[in-house]
Amino acid sequence: MTSARPERHSSSPAPADRSESKALLLKRIEQQRIDILVETQRWQKASRSLDGMYQQAQRYRGLCYLAGGALVVAYARHPGSLIRLSRHLASAGLLFYRVRRLLRTRR
């Protein structure tokens, strides 16, 4: 009893099919490159304001380090005031969050 084997196809397509598939792949690659360029421009436009703020913060980096160091020294000498300050900041943050949420629901 002989079993019927399916016909095996050659691994390389015919020359016309190969050139068509190559053209299709090249077209797809070109479209992907265009999509990447468009998304890159969109991303840069969206992050432009953040980049500007970051550059502005970098100008005052040394001053911020100096002020932060002074605060650390002052609060290291009097840790009770640091605890009070953190409580006040937490309360102010919570109050700000609740007021903002209240204003959003009232619109």
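Colleague: Which pattern does the chain follow when read along the sequence?

Modeller: Keep in mind that this is a predicted model. The chain has four helices and zero strands. Read from start to end, the pattern is therefore α-α-α-α.

Colleague: What percentage of the residues in the chain are buried?

Modeller: To count as buried, a residue needs a relative accessible area under 20%. The chain has 107 residues, and the share that is buried comes to 1%.

Colleague: And how much of the area that the chain exposes do carbon and sulfur atoms supply?

Modeller: Let's begin with the total, which is about 10,900 Å² for the chain. Of that area, carbon and sulfur atoms supply 60%.

Colleague: Where does Tyr60 lie, and which residues form a nonpolar patch with Tyr60?

Modeller: Good one to look up in the structure! Tyr60 sits in the loop between helix H2 (48-59) and helix H3 (61-77). Its relative accessible area is 45%, so Tyr60 is partly exposed, and a patch takes residues with over 30%. On the surface, with about 350 Å² of accessible area together, Tyr60 is joined by Leu63 and Leu66.

Colleague: Are H3 and H4 roughly parallel or roughly perpendicular?

Modeller: Two packed helices are described by the angle and the distance between their axes. The axes of H3 and helix H4 (residues 79-106) come within 5 Å and cross at roughly 115°. That angle makes the two helices roughly perpendicular.

Colleague: Which residues in H4 do Tyr75, Ala76 and Arg77 meet?

Modeller: Those three residues belong to H3. Contact here means heavy atoms within 4.5 Å. On the H4 side, the residues are Pro79, Ser81, Leu82 and Leu85.

Colleague: How many salt bridges are there, and which side chains meet?

Modeller: The count comes to one salt bridge. Its N to O distance is 3.1 Å, and the cut-off is 4 Å. Its two residues are three apart in helix H1 (residues 15-46), so about one helical turn separates them. The side chains are those of Glu39 and Arg42.

Colleague: Is Arg42 buried or exposed?

Modeller: Its partner Glu39 is partly exposed, at a relative accessible area of 43%. For Arg42 the value is 56%, and exposed means over 50%. Arg42 is therefore exposed.

Technical notes:
Residues are numbered from 1 along each chain as its sequence is written. This is a predicted model: local features need pLDDT of at least 70, side-chain atom pairs count only at pLDDT 80 or more; totals for chains, interfaces and linings use all residues. Side-chain values use heavy atoms; hydrogens and water are left out. Buried means under 20% relative accessible area, exposed over 50%, partly exposed in between (1.4 Å probe, protein chains only). Accessible areas come from the Shrake-Rupley method with a 1.4 Å probe; for residues, only the protein chains shown count as cover. Patches are made of residues with over 30% relative accessible area and no salt bridge: like charges are joined within 9 Å, nonpolar side chains (Val, Leu, Ile, Met, Phe, Trp, Tyr) within 5 Å. Axes are lines fitted to C-alpha atoms, for helices over the stretch in contact, and angles run from 0 to 180 degrees between N-to-C directions. Angles under 35 degrees count as roughly parallel, over 145 as roughly antiparallel, 65 to 115 as roughly perpendicular and the rest as oblique.
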